[in-house]
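Work through the exercises below with the coordinates open. Each task is followed by a solution in steps.

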Amino acid sequence: MYLQNYKEWLDSVSQEQRQELSAIASDDKEIKERFTLPLAFGTAGMRGTICMGISNMNEYTVARATKGLSDYINSLGKSQAERGVIISYDTRRMSFEFALTAARVLGANGIRVWFFEDVRPVPMCSYAVRRLNCIAGIMITASHNPKEYNGYKVYGEDGAQMSPEATAKVVEYISKTPYFGLAQQDVVTLCRKDIQGKDGFALSERITVIGKSLDEEYYGEISKLSLSQEAVKKVGKDIKIVYSPIHGSGYVPVTTMLARMGISVSVVEEQKYPDTEFSTVAMPNPEQPDALKMGIDLADKLGSDIVIGTDPDCDRMGIAIRDDKGKFVLLNGNQIGAMLMDYILARHKEDNTLPKNSAVVKTIVTTRLADKIAKSYGAAVFDVLTGFKFIGEKIKEWEQSGEHTFMFGYEESYGYLSGTHARDKDAVVASMLFAEMACYYAYKGVSLYDKLNGIFEKFGYFIESSKSIAFKGLDGMEQMAGIMRKFKENDLTNVAGVPMVSKLDLEAGMVKYFDDGRIEMTDLPSANVIKYEFGDDEWLCIRPSGTEPKLKIYVSTKAESRQKSEERNKMLQSAIVDMI
């Protein structure tokens, strides 16, 4: 079947694309990799390397996915198609071209389209879905993946990533769609530079380019989330911040918001502008030390206090701060989120604006330190499955029920959201609030490093680690499934001699307690996740990645000192990896 698919593509693609496929004619393994299985489309959309083939990102797989989305939207009725789809894209290879292909396919299928005039981050796309009352949104991005990747994320009408139920229907339509011969609406230009700076410009009968007007509305919304304007006014010009968009879409929105607040910022010149090759970093991921290295070097040169970095689609934010010896240290996503959450709840409490039904939301692989902090302010804490769409679902639920007021949401993978303007993680508002927090504590005479240590001293030293194990080849997914099956079928009662208290199997929807064999059902949705509890807020979790052939392992430990917690974490992480 894969050879038949290969021959069909050879006969159907352009001459230039045919040359790429002809170059692998004698490589049966490569042909099999590219043409056996279609690129998976899930609740996180699809993501893959950019090249020809049914399992990769290219204009044909993008057009096919968009036709499936179009058929789903049209099945909802003409009025829903008229609501339209917003399309955004980041700075990656082929992002503009894939976005334009999606727009043209939607337009040809009778669906209205709003198309951003230039790169925009994830949170702006999420915001625009609701602001324009769209039925859906598309974001062309592979987030923080290497340069060879791109992806296609779909948002529902609530601005969160599309629900599993809607995704299943879209996938059903995609499966019936061919790769070739799909209609695309003609547009007045195929050139990116011709639409840059436009606002309200008709690209075709159904496709409208939008720009600055929507930006200003977004900036206005997140400005309302500022909590310490007096402190910013006093010390904003004295706080020295270095920022890097890491060649991504965050440059304009992040620097715009900091400038409007009156906070001084120096931008890493070499990483300031879009670069499809991300030539200054090994990977454009603010979780990686390499990604913030140039920012730290500049900060040392300038004597700056903080380094902020955002990924290409500006939904993740990384931070470096100075320790008590003046050296820069990188914070992880759990620490950044804990500090932001503590700041937000503390400021609202100080100003007597903290609602009695306040609530924060985090994923099941995010630190329990969040629970300790939130409960100290009287806020409820809710755990959801991994993926920011589940945080978005809570926001929607509470808006309808009024049961809780959403104050903050975050996940350990450097994603944070304050406010309900967006339903996905927002590194623009996170950058704004972290910079403001720095001003607030400087105004109070407290360093950020001392503040973080104060949180640890109060609640315990929580240390978290995560590791990804990649499985390559066509049997990679099968290998991961086998490992997960082993953990589901066999009870792991201890790791490195540390006894387990319980085992949560989300696919079975149950919790088993090892001390008495008791079994309880969980109210979390079904998912391919196993989580073990050691007790005293320590745990480990194993799950397959939702977008890549990787098995992810998370370990969280807690002790009375940082050193002890780190040692314990390394021991447990090493032991579970050895088992796998």
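## Exercise 1: Cysteines

The structure, a predicted model, holds zero disulfides.

**Task.** Find the cysteine sulfur nearest to that of Cys314, and decide whether Cys314 is in a disulfide or in none.

**Solution.**
1. The nearest cysteine sulfur to Cys314 is that of Cys125, 13 Å away.
2. A disulfide requires two cysteine sulfur atoms within 2.5 Å.
3. Cys314 is therefore in no disulfide.

**Task.** Classify Cys314 and Cys191 as buried, partly exposed or exposed.

**Solution.**
1. Buried means under 20% relative accessible area, and exposed means over 50%.
2. Cys314 has a relative accessible area of 0%, so Cys314 is buried.
3. Cys191 has a relative accessibility of 30%, so Cys191 counts as partly exposed.

## Exercise 2: Helix H9

**Task.** Compare the expected span of helix H9 (residues 212–223) with the distance between its end C-alpha atoms.

**Solution.**
1. H9 has twelve residues, at 1.5 Å a residue.
2. The expected span is 1.5 Å times one less than the number of residues, which gives 16 Å for H9.
3. The end C-alpha atoms of H9 are 16 Å apart, in agreement with the expected value.

**Task.** List the buried residues of H9 and state how they are arranged about the helix axis.

**Solution.**
1. The buried residues of H9 are Leu214, Asp215, Tyr218, Tyr219 and Ile222.
2. Viewed down the axis of H9, these residues fall within an arc of 140°, so they line one face of the helix.
3. Their packing partners include three helices: H7 (122–131), H11 (251–261) and H16 (427–444).
4. Strands E3 (113–116) and E7 (207–210) also pack against the buried residues of H9.

**Task.** Describe the setting of Glu221.

**Solution.**
1. Glu221 belongs to helix H9.
2. Its relative accessible area is 30%, so Glu221 is partly exposed.
3. Leaving aside residues up to four places away in sequence, Glu221 touches Tyr127 and His421.
4. Asn528 lies 307 residues from Glu221 along the chain, and the C-alpha atoms of the two are separated by 37 Å.

## Exercise 3: Pairing around E7

**Task.** State in which sense, parallel or antiparallel, E7 pairs with E3 and with E6.

**Solution.**
1. E3 and E7 are parallel, with four bridges between them.
2. Within that pair, Trp114 has Thr208 of E7 as its bridge partner.
3. Strand E6 (residues 201–202) and E7 run antiparallel and are joined by two bridges.
4. Phe201 stands opposite Val209 of E7.
5. The connection from E6 to E7 is a hairpin through four residues.

## Exercise 4: The five-stranded sheet

**Task.** Give the strand order of the open sheet of five strands and identify its edge strands.

**Solution.**
1. The order is E9-E8-E10-E11-E12, and the pairing is mixed.
2. E9 (265–267) and E12 (328–331) each have a single partner strand, so one side of each is left without a neighbour in the sheet, and these two stand at the edges.
3. From one strand to the next, the twist averages 25°.
4. Strands E10 (residues 306–310) and E11 (residues 317–322) run antiparallel and are joined by five bridges.
5. The bridge partner of Ile306 in E11 is Ile321.
6. Helix H16 lies across E8 (241–244), E10, E11 and E12, at about 15° to E11.

## Exercise 5: The four-stranded sheet and H14

**Task.** Give the strand order of the open sheet of four strands and name the helix that lies across E13, E14, E15 and E16.

**Solution.**
1. The order is E14-E13-E15-E16, with mixed pairing.
2. E14 and E16 (415–417) are the edge strands, each pairing on one side only.
3. The average twist from one strand to the next is 20°.
4. E15 and E16 run antiparallel over three bridges, and Glu411 has Gly415 of E16 as its bridge partner.
5. Helix H15 (residues 388–401) lies across E13, E14, E15 and E16, running at about 175° to E15.

**Task.** Find which residues of helix H14 (residues 369–376) are buried and which elements they pack against.

**Solution.**
1. Leu369, Ala370, Asp371, Ile373 and Ala374 are buried in H14.
2. Among their packing partners are strands E13 (358–363), E14 (380–384) and E15 (405–411).
3. Helices H13 (333–350) and H17 (448–459) and strand E17 (461–470) also pack against these residues.
4. Just after H14, Gly378 has a positive phi of about 80°.

Note on methods: Residues are numbered from 1 along each chain as its sequence is written. This is a predicted model: local features need pLDDT of at least 70, side-chain atom pairs count only at pLDDT 80 or more; totals for chains, interfaces and linings use all residues. Side-chain values use heavy atoms; hydrogens and water are left out. Buried means under 20% relative accessible area, exposed over 50%, partly exposed in between (1.4 Å probe, protein chains only). The arc is that of the directions from the helix axis to the C-beta atoms. Contact means heavy atoms within 4.5 Å. Two strands pair if DSSP finds at least two bridges between them. Axes are lines fitted to C-alpha atoms, for helices over the stretch in contact, and angles run from 0 to 180 degrees between N-to-C directions.
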